[in-house]
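Please read this note with the sequence and the model side by side. The points below are numbered so that each can be checked in turn.

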Amino acid sequence: MGASVTRAIRNFNLENRAEREISKMKPSPAPRHPSTKSLLREQMNSHPYIKQEIDRKDDKLLSLLKDVYVDSKDPVQAKDAGTRTGPKEYRLPKGNHFDMNIENIPKGKISIVEALTLLNNHKLYPETWTAEKIAKEYHLEQKDVNSLLKYFVTFEVKIFPPDKKAIQSK
């Protein structure tokens with residue numbers, strides 16, 4: 001829908017705009033370096049037909065150009081072969097974080113809250129929450145869970161009791 005509107009706007013009054021652009025004055029060439037001006041002048045004086053050839057319009061080429069007609073059509077959009085069209089499997093989120101507007105999670109993926117929960121559970125109870133159990137519980141691959149447990153840790157907040165003895169400043 002959007003492409004057809006864009007195309008219609010882009011092609012609006014196309015022939016008149018092209019004719020107007022073609023009939024505009026052509027930009028003048030960049031100024032020549034002073035050392036080459038004399039050489040160019042000598043060449044033009046010794047070969048005056050070059051200037052005529054440059055300015056002459058070739059009728060044969062113009063007639064061939066008028067015979068050219070371009071008719072293009074938009075290509076048919078084919079479905080991408082890379083995207084899966086099969087049904088995706090979803091699962092409900094684990095735990096009590098249903099208030100976060102997470103309706104379903106694709107299998108093989110976890111939410112941030114679930115990741116923090118499983119990392120914390122593994123840290124507190126490593127015998128109970130093994131990598132195999134986490135992979136089965138959250139529908140993850142074993143290698144992904146092993147990498148997650150190896151490379152990610154949760155923050156641990158430690159509150160130290162205030163010391164009775166303050167450090168004396170010197």
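1. Does R56 count as buried, partly exposed or exposed, given its relative accessibility? At 46%, R56 counts as partly exposed, because buried would call for a value under 20% and exposed for one over 50%. R56 is also one partner of a salt bridge, since E53 lies opposite with the closest N and O atoms 3.3 Å apart, which is within the 4 Å that the term allows. E53, for its part, is partly exposed as well, with a relative accessible area of 47%.

2. Before going further, please keep in mind that this is a predicted model. The mean pLDDT of the chain is 80, and 79% of the residues reach 70 or more. Confidence is highest in helix α8, at a mean of 92, and lowest in strand β1, which covers residues 90-91 and has a mean of 63. Where pLDDT is low, the predicted coordinates should not be read in detail.

3. For the overall layout, the chain holds 8 helices and 2 strands, and from the N terminus the order of these elements is α-α-α-α-α-β-β-α-α-α. Of the 170 residues in the chain, 12% are buried. The accessible surface comes to about 16,300 Å², and carbon and sulfur atoms account for 58% of that surface. Among the contacts with a separation of 6 or more, 35% are between residues that stand 24 or more positions apart.

4. Which residues make up the largest nonpolar core? There are 11 of them, namely L118, L119, W129, A131, I134, A135, Y138, L140, V145, L148 and L149. Three helices, α6 (112-124), α7 (131-138) and α8 (142-151), each supply at least two residues of this core, and the largest share, 4 residues, comes from α7.

5. W129, one of the residues of that core, is worth following through its contacts. Apart from residues up to four places away in sequence, W129 touches N121, H122, I134 and E137. N121 sits in helix α6 and, with neighbours within four places again left aside, is in contact with P126 and W129. N121 is buried, because its relative accessible area of 18% falls under the 20% cut-off.

6. Turning to the surface, M44, Y49, I50 and I54 form a nonpolar patch, with about 380 Å² of accessible area together. Helix α4, residues 48-55, gives the most to this patch, with 3 residues. I50 has its place in that helix, and at 32% relative accessibility I50 counts as partly exposed.

7. The charged side chains deserve a point of their own. Side chains of opposite charge can pair when their charged atoms come close. In this model the count comes to 5 salt bridges. One of them joins the side chains of K51 and D55, at 3.8 Å from N to O. Why are K51 and D55 about one helical turn apart? They are separated by about that much because they stand 4 residues apart in helix α4. K51 is partly exposed, with a relative accessible area of 44%, whereas D55 is exposed, at 51%.

8. Another salt bridge brings together the side chains of D144 and K143, with 3.6 Å from N to O. D144 is partly exposed, with a relative accessible area of 36%, while K143 is exposed, with 57%. Through salt bridges that share partners, E141, K143 and D144 are joined into one network.

9. Finally, please look at the backbone of two residues. Most residues other than glycine have a negative phi. N13, however, has a phi near 55°, a positive value in a residue that is not glycine, and N13 lies in the loop between α1 (2-11) and α2 (14-23). H139 likewise is not a glycine and has a positive phi of about 55°; the place of H139 is in the loop between α7 and α8. As to accessibility, N13 counts as partly exposed at 33%, and H139 counts as partly exposed at 36%.

Methods:
Residues numbered from 1 in each chain as written. Heavy atoms only, no water. Core = buried A, V, L, I, M, F, W, Y, C linked by side-chain atoms within 4.5 Å. Buried < 20%, exposed > 50% of the residue type's maximum accessible area, 1.4 Å probe, protein only. Contact = heavy atoms within 4.5 Å. Patch = residues over 30% accessible without salt bridge, like charges linked within 9 Å, V, L, I, M, F, W, Y side chains within 5 Å. Areas by Shrake-Rupley, 256 points an atom, 1.4 Å probe, with all protein chains shown as cover. pLDDT = per-residue confidence, 0-100.
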